Amino acid sequence: KNIDWDSLYDVYRPLAELAVNDDQFFQVLARLSLELKDGHVNVVSPYGVSTYDFANGEKPVGAENVKSHLYNVKQAGGSIEYAELIRQNVGYIHIKTFGGDIGDYEKIDDILEALKKEDGIIIDVRSNGGGSTTKSQTVASRFADKERLYLKVKYKNGPGHSDFTDWDERTVSPEGPFQYKKPVVVLTDRKTYSASEEFVLAMRLFPQVTIVGDTTGGGSGNPILRELPNGWTFRLSSWIAVDPDNNTYEGIGLFPDVVVLNKSQNPLDDTDYALLEAMKVFDDQ
């Protein structure tokens, strides 16, 4: 990110020395950590947790109001719910997180079987802050047409600025009792990041999939936890991630096929514009 750490040291070291108590000291460390603009970098103390907001303060409109468009809503554990759209013969799958129990994501086969009669499926990963790559890959594999490279990562492995491992290539392949080949729309927003972003990286490669919504958060991360001398802890990102074409998306995000900024100038407008745009994709089939 081309951050000049020497200059930041010159700014923040005097501020740290001026801190008269631990709370003030935490505020200095928190401000310093936010210079990275990385939601996977946090200072954790009894006085709070420093957290960078990938969405930059935006509160997407409509994601919580999608239920007015659904019927026959069912839960698949605590991480996934699925339903049918009222206006169309289209299924809806809401994946709230990829950090839940692995059994939730293994139910994807039963969910797809239940929605088999529909003309297509909308998968909503808006406000999904990630979790486990293994779980996101489990779901994506059910839509894969063939083995595809979707992600490359290299890990920090030394103190030097350029000390990294070689690239580790991640692929997704068809798995499960059957592959879902009907049209699929994946809904994204600025709060879609980490393992959820890796899900989008994989899904956007499949020919039947359209990504609709806002650009994702741009947070690949894979954070690790460390302890400071005073007992406080901090997280930091441990790898660099790129797409199959070697494009870095950290701090940038993944651009959708159909852009919908799911917010309104009117604070009383709770219309889910991204969902409405997703419905149009199936009208055009």
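Here is a chat about cores, helix packing and a few loop residues in a predicted model.

Student: Before we start, what should I know about the numbering and the cut-offs on pLDDT?

Tutor: Residues are numbered from 1 along each chain as its sequence is written, and side-chain values use heavy atoms, with hydrogens and water left out. As the model is predicted, local features need pLDDT of at least 70, totals for chains, interfaces and linings use all residues, and side-chain atom pairs count only at pLDDT 80 or more.

Student: Which helix gives the most to the largest nonpolar core?

Tutor: A nonpolar core here is a set of buried Ala, Val, Leu, Ile, Met, Phe, Trp, Tyr and Cys residues joined through side-chain atoms within 4.5 Å. Buried means under 20% relative accessible area, exposed means over 50%, and partly exposed is in between (1.4 Å probe, protein chains only). The largest core has 39 residues, and Ile93, Ile95, Ile123, Phe143, Val186, Phe199 and Met203 touch the most other members. With 6 residues in this core, the top contributor is helix 6 (residues 195–203).

Student: How many residues are in the other core, the one with Val66 and Phe282?

Tutor: That core lies apart from the largest one, and Ala83 and Val90 are also among its members. Its count is 17 residues.

Student: How are you picking out helices, and how many of the residues of helix 6 are buried?

Tutor: Helices (H or I, at least four residues) and strands (E, at least two) are DSSP runs, numbered from the N terminus. Helix 6 is mostly covered, and its buried residues include Glu197, Glu198 and Ser196 as well as Phe199 and Leu201. The count is 9 of 9.

Student: Which residues of helix 6 does Val186 touch?

Tutor: Contact means heavy atoms within 4.5 Å. Leaving out residues up to four places away in sequence, Val186 touches Ile123, Val125, Val209, Thr210, Ile211 and Val212. From helix 6, which covers residues 195–203, the partners of Val186 are Phe199, Val200 and Met203.

Student: Are helix 5 and helix 6 roughly parallel or roughly antiparallel?

Tutor: Axes are lines fitted to C-alpha atoms, for helices over the stretch in contact, and angles run from 0 to 180 degrees between N-to-C directions. Helix 5 (residues 133–140) packs on helix 6 at about 30°, with the axes 9 Å apart. Angles under 35 degrees count as roughly parallel, over 145 as roughly antiparallel, 65 to 115 as roughly perpendicular and the rest as oblique. So helix 5 and helix 6 are roughly parallel.

Student: How many nonpolar residues are in that contact of helix 5 with helix 6?

Tutor: Helix 5 brings Thr133, Ser136, Val139 and Ala140, while helix 6 brings Ala195, Glu198, Phe199, Ala202 and Met203. Ala, Val, Leu, Ile, Met, Phe, Trp, Tyr, Cys and Pro count as nonpolar, Asp, Glu, Lys and Arg as charged, and the others, Gly among them, as polar. Besides 2 polar and 1 charged, the nonpolar count is 6.

Student: Which helices help to cover the buried residues of helix 5?

Tutor: In helix 5, 6 of its 8 residues are buried, among them Lys135 and Thr138. Strand 5 (91–95), strand 7 (148–155) and strand 8 (168–172) are part of the cover. The helices included are helix 3 (102–106), helix 4 (108–114) and helix 6.

Student: At what angle do helix 1 and helix 2 pack?

Tutor: Helix 1 (residues 5–18) and helix 2 (residues 22–34) have axes 9 Å apart, and the two are roughly antiparallel. Their contact includes Trp5, Leu8 and Tyr12 of helix 1 and Phe25, Val28 and Arg31 of helix 2. The angle is about 170°.

Student: Is Lys37 buried or partly exposed?

Tutor: Lys37 sits in the loop between helix 2 and strand 1 (42–45). Its phi is positive, about 50°, although Lys37 is not a glycine. Because its relative accessibility is 46%, Lys37 counts as partly exposed.

Student: And Ser194, buried or exposed?

Tutor: Ser194 is in the loop between strand 9 (184–188) and helix 6. Ser194 is not a glycine either, yet has a positive phi of about 60°. At 8% relative accessibility, Ser194 is buried.

Student: How far apart in space are Tyr52 and Arg31?

Tutor: Tyr52 lies in the loop between strand 2 (48–49) and strand 3 (70–76), and is in contact with Leu34, Lys37, Asp38 and Gly39, leaving aside neighbours within four places in sequence. Tyr52 and Arg31 are 21 residues apart in sequence, and their C-alpha to C-alpha distance is 9.9 Å.
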